[in-house]
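Good morning, everyone, and thank you for making the time. Please have the sequence and the picture open while I talk, and stop me whenever a term is unfamiliar.

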Amino acid sequence: MSPADFFANAMRAADADGRLPLSRMASWDVFPFDQASLRVVPLRPPELPEPARIGEDGTACNVCESQRPGIWSDEHWRLSDLGAESGVPLVLMLVPREHYDLPDLPDERAAELGVLQAHIARAIESLPHVARAHVSRWGDGREHLHVFFLARPTGFAQLRGTCLAIWDDLLPPIPAGQRAADAAVVAHALAGSYGGQPAA
Ligand SMILES: [Zn+2]
């Protein structure tokens, strides 16, 4: 399906302003908004070529340039707390130390990524107030591979699933000291089970 065909297909379901109807996810009981107060923004036509991502086509990459040590690292990977504010207990980001996008990862790094994701999820879910570690890679903002881990707090079934990323933005920030303590637990657990170094 070409971009034009994709757009034409979407427009057959849209109103005169190009707005699609609310459906499916908006009726989930984990959806964070009241349907009555919502409308969908108009879908814009395709834009080709797409705008470049950060670090694409040889442009400056802020992941490669970053000197932040992260909460844990080894020879090939770095795990960081996003640092700013999070409404969920932890938001961590795993990046390869070399500049690779996901489809470009050498098999050896890809194999490490698989094992690391399991170990990081295990460490996050070992926190008594965390029920689930959500794992996601989008990669539309920057080229350098970055995999997110979002900790879903225990007892909040309403925060289950894909809407957690939106709830993270809606909820007030977790106190920085609590988040740092949780991040340190994860970093030390990861160093113990997988190897590498927690931040000093
Ligand atoms: Zn990079």
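I will go through the metal site, then the strands, then the nonpolar cores, and finally the charged pairs.

Please keep in mind throughout that this is a predicted model.

Let me begin with the metal. Which residues hold the zinc ion? The protein donors are Cys61 and Cys64, each through its SG atom, together with His99 and His144, each through ND1, and they lie 2.1 to 2.3 Å from the ion. The angles that these four donor atoms subtend around the zinc ion run from 106 to 116°, and because four donors count as tetrahedral when all angles lie between 85 and 135 degrees, the arrangement is tetrahedral. If you follow the donors along the chain, you will find the spacing C-x2-C-x34-H-x44-H. Within this set, Cys64 sits in helix H2, residues 62-65, while His99 sits in the loop between strand E3 and helix H3, so that a pair 35 residues apart links distant parts of the chain. As for accessibility, Cys64 is partly exposed, with a relative accessible area of 40%, and His99 is also partly exposed, at 29%.

That same loop between E3 and H3 contains Leu105, which is buried, with a relative accessible area of 10%. Setting aside neighbours within four places in sequence, Leu105 is in contact with Trp77, Tyr100, Ala110, Leu113 and Leu145.

Now please turn to strand E5, residues 147-153. Is this strand mostly buried or exposed? Seven of its seven residues are buried, so E5 is largely enclosed by the rest of the structure. Val147, Phe149, Ala151 and Pro153 point one way from E5, whereas Phe148, Leu150 and Arg152 point the other way. The strand has E3 as an antiparallel partner, joined to it by four bridges, and here Leu92 has Phe149 as its bridge partner. With strand E4, residues 130-136, E5 also pairs in the antiparallel sense, over six bridges, and Ala133 stands opposite Ala151.

The next topic is the nonpolar interior. The largest nonpolar core has 27 residues, and those with the most contacts inside it are Trp72, Leu79, Leu94 and Ile124. Several elements give two or more residues to this core, including E3, E4, E5 and helix H5, but the largest share, six residues, comes from H3. Apart from this core lies another one of 14 residues, among them Val88, Phe148, Leu159 and Cys163.

Helix H3 also holds His119, which is buried, with a relative accessible area of 14%, and which, leaving aside its neighbours within four places in sequence, is in contact with Leu190, Ser193 and Tyr194.

Finally, the charged pairs. Side chains of opposite charge can pair when their charged atoms come close, and a search of the whole structure finds eight salt bridges here. In one of them Asp81 meets Arg179, with the closest N and O atoms 3.1 Å apart; Asp81 lies in strand E2 and Arg179 in helix H5, so the pair ties together parts that are 98 residues apart in sequence, and both residues are buried. Arg109 forms a salt bridge with Glu112, at 2.8 Å from N to O, and these two lie in H3, three residues apart, about one turn of the helix. Arg109 also meets Glu108 in a salt bridge, at 3.5 Å, although Arg109 is buried and Glu108 is exposed.

Notes: Residues are numbered from 1 along each chain as its sequence is written. This is a predicted model: local features need pLDDT of at least 70, side-chain atom pairs count only at pLDDT 80 or more; totals for chains, interfaces and linings use all residues. Side-chain values use heavy atoms; hydrogens and water are left out. Donors are N, O and S atoms within 2.8 Å of the metal (3.2 Å for Na, K and Ca); water is not among the atoms, so sites may look incomplete. Four donors count as tetrahedral if all angles lie between 85 and 135 degrees; four count as square planar and six as octahedral if opposite donors are over 155 degrees apart and all others between 65 and 115; anything else is irregular. Buried means under 20% relative accessible area, exposed over 50%, partly exposed in between (1.4 Å probe, protein chains only). Two strands pair if DSSP finds at least two bridges between them. Contact means heavy atoms within 4.5 Å. A nonpolar core is a set of buried Ala, Val, Leu, Ile, Met, Phe, Trp, Tyr and Cys residues joined through side-chain atoms within 4.5 Å. A salt bridge is a side-chain nitrogen of Lys or Arg within 4 Å of a carboxyl oxygen of Asp or Glu.
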